[in-house]
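Visitor: I would like to learn how to read a structure like this one. Please take me through it step by step.

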Amino acid sequence: PVATALTNRAMVEERARHLDAAAKDYERAIEIARQHPENRSIRATMIQRYSVLLKTMHRGREAKALDIEARSFQFK
């Protein structure tokens, strides 16, 4: 629930153009989600949304790494 709440807050911050704050919330949410591998689909959604934000912030390498991680869920 905390990771989901952080993701929701990150989306609000992103819409308000507070990109650094949104990035921090996504990072924390994904960190929490990684500790609970049984919620892969939720984590994949968080990662995809964060990846889009990173691309907006011109942080392509980080976004690419996350895209690879998200794609790995398809094979598990």
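Visitor: In which helix does aspartate 25 lie?

Guide: This is a predicted model. Aspartate 25 is part of helix α2.

Visitor: Is aspartate 25 buried or exposed?

Guide: The general idea is a cut-off: buried means under 20% relative accessible area. Aspartate 25 has 7% relative accessibility, so it counts as buried.

Visitor: Which residues is aspartate 25 in contact with, leaving aside its neighbours within four places in sequence?

Guide: Contact is a matter of distance: heavy atoms within 4.5 Å. For aspartate 25 the partners are Leu6, Arg9, Ala10 and Glu13. These four also appear among the α1 residues that meet α2.

Visitor: How do the axes of α1 and α2 cross?

Guide: Helix α1 covers residues 2-15 and helix α2 covers residues 19-34. Their axes come within 8 Å, and the crossing angle is roughly 160°. Angles over 145 degrees count as roughly antiparallel. The two helices, α1 and α2, are therefore roughly antiparallel to each other. The crossing of α1 past α2 is left-handed.

Visitor: Which residues of α1 and α2 meet?

Guide: On the α1 side they include Val2, Ala3, Leu6 and Met11. On the α2 side they include Leu19, Ala22, Tyr26, Ala29 and Ile32. Sorted by type, the residues of this contact are 12 nonpolar, 1 polar and 5 charged.

Visitor: Where is isoleucine 30 found, and is isoleucine 30 buried or exposed?

Guide: Isoleucine 30 is also in helix α2. The same cut-off of under 20% applies. With a relative accessible area of 2%, isoleucine 30 is buried. Leaving aside neighbours within four places in sequence, isoleucine 30 is in contact with Met46, Ile47 and Tyr50.

Visitor: What separates the C-alpha atoms of isoleucine 30 and glutamate 14?

Guide: Separation along the chain and separation in space are two readings. Isoleucine 30 and glutamate 14 are 16 residues apart along the chain, and their C-alpha atoms are separated by 16 Å.

Visitor: How many helices and strands are there in the chain?

Guide: The chain has 4 helices and 0 strands. Read from the N terminus, the order is α-α-α-α. The radius of gyration is 12 Å, close to the 11 Å that the globule rule gives for 76 residues, so the chain is as compact as a globular protein of that length.

Visitor: What share of the 76 residues counts as buried?

Guide: The share is 39%. As for contacts between residues at least 6 apart in sequence, 46% join residues at least 24 apart.

Conventions:
Residues numbered from 1 in each chain as written. Predicted model: local features only at pLDDT ≥ 70, side-chain atom pairs only at ≥ 80, totals over all residues. Heavy atoms only, no water. Axes fitted to C-alpha atoms, helices over the stretch in contact; angles between N-to-C directions. Parallel < 35°, antiparallel > 145°, perpendicular 65-115°, else oblique. Left-handed = near helix turned anticlockwise from the far one by under 90°. Nonpolar A, V, L, I, M, F, W, Y, C, P; charged D, E, K, R; others polar. Rg over C-alpha atoms; globule rule 2.2 N^0.38 Å. Buried < 20%, exposed > 50% of the residue type's maximum accessible area, 1.4 Å probe, protein only.
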